[in-house]
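The following note sets out several points on the model for a colleague's consideration. Please read the points alongside the structure.

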Amino acid sequence: MQARTLVGGFGAAVIGLATVLAPVFSWAGPAEQIRTKLETINPQVQIVSVAPAPLDGIYAVELASGEVLYSSENGDYFLLGQLYQVQEEGFVNLTDQRKKVQRKAALDNLKREDLVVFSPEGPVKAVLHAFTDVDCGYCRKLHSEMADYNKLGIEIRYLAFPRAGIDSSAYRKMVSVWCADNRQAAMTASKAGRFVEEKTCDNPVAAQYELGQVLGVNGTPSLLLEDGSMMPGYVPAERLAGVLGIN
């Protein structure tokens, strides 16, 4: 299983912060100082937003790669990790809550025609997006129970996430699935280990793989709920229905 950052050497650069940062004008506000110092370290880094974090004196920096950094007001110190808040129900992951908003926005922007969709015959009670790999064992198990999910009113929309990366065997298989005349049949055949005619066309497989990395997917299946919450791994239909609030 592979996981990689899209920032390109950012982690190593952070280690050398104290020695390589250029001076910043004293009149610059915190957000501007933070942006300037990050861009001094790595001009390639793409900053989506800089905003105050719930912790006094700390700013949350969202990167285009999907990572969230936490910075001091002057940008002299950075943390890469998870920020938790203690609430009555226990620890709440504030970093994941921020990512949940990002994931929901990404899901809202997806085009149905770019997905492989398995819909219930009756009313759709919930929609689940699933990053999948046709060679993944638990992805195959989930797919073998598709009728159970659909029977409960759950529509499953597949996105491609070939774990071995672009130009791998799984990647080529998934391109063939997305380029097939009948994507649903091709997906079912591929996940059953049966032959699928090799085809190429304009397809979203590479883009969906990159999107998955940005959204924090590092394994398959990864299930995304409509509110942007992510559940890693296979979840049986009845249990998933309970999570989704389906009777």
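1. The link between Cys179 and Cys201 is left-handed, with -90 degrees about the S-S bond. The sulfur atoms of Cys179 and Cys201 lie 2.0 Å apart in this predicted model, and the structure holds 1 disulfide. Distant parts of the chain are linked by this pair: Cys179 belongs to helix α7, Cys201 to the loop between α8 and α9 (205-214), and 22 residues separate them.

2. Helix α7 also packs against its neighbour in sequence. Helix α7 (residues 169-179) and helix α8 (residues 183-191) have axes 7 Å apart, at an angle of about 150 degrees. Because angles over 145 degrees count as roughly antiparallel, α7 is described as roughly antiparallel to α8. On the α7 side, the contact is made by Lys173, Val177 and Trp178; on the α8 side, by Arg183, Ala186, Met187 and Ser190. By class, this contact comprises 4 nonpolar, 1 polar and 2 charged residues.

3. A further packing concerns α7 and α9. Their axes come within 10 Å and cross at roughly 120 degrees, which makes α7 oblique to α9. Helix α7 contributes Tyr171, Met174, Val175 and Trp178 to the contact, and α9 contributes Val205, Ala206 and Gln208. The residues here divide into 6 nonpolar, 1 polar and no charged. Trp178 of α7 is thus listed in the contact with α8 and in that with α9.

4. The second largest pocket should be examined together with α7. About 230 Å³ of space lies in this pocket. Its lining consists of 13 residues, and those nearest the centre are Ser169, Arg172, Lys173, Ser176 and Val196. Helix α7 supplies the largest share of the lining, 5 residues. By class, the lining has 3 nonpolar, 4 polar and 6 charged residues. Lys173 is among the residues nearest the pocket centre and is also one of the α7 residues in the contact with α8.

5. Two features of the backbone merit a check. Most residues other than glycine have a negative phi, and most peptide bonds are trans. Asp167, although not a glycine, has a positive phi of about 75 degrees; this residue lies in the loop between β9 (154-160) and α7.

6. The second backbone feature is a peptide bond. Thr220 and Pro221 are joined by a cis peptide bond, with omega about -5 degrees. Pro221 is placed in the loop between α9 and β10 (222-224).

7. To draw the points on α7 together: this helix holds Cys179 of the disulfide, packs roughly antiparallel to α8, lies oblique to α9 and gives the largest share of the lining of the second largest pocket.

How values were computed:
Residues numbered from 1 in each chain as written. Predicted model: local features only at pLDDT ≥ 70, side-chain atom pairs only at ≥ 80, totals over all residues. Heavy atoms only, no water. Axes fitted to C-alpha atoms, helices over the stretch in contact; angles between N-to-C directions. Helix = DSSP H or I, 4+ residues; strand = E, 2+ residues; numbered from the N terminus. Parallel < 35°, antiparallel > 145°, perpendicular 65-115°, else oblique. Contact = heavy atoms within 4.5 Å. Nonpolar A, V, L, I, M, F, W, Y, C, P; charged D, E, K, R; others polar. 1 Å grid on protein atoms, 1.4 Å probe; cavity = no way out; pocket = protein on both sides within 12 Å on 5 of 7 lines; lining within 4 Å. Points joined across faces, edges and corners; volume = space filled by probe spheres on them. Disulfide = S-S within 2.5 Å.
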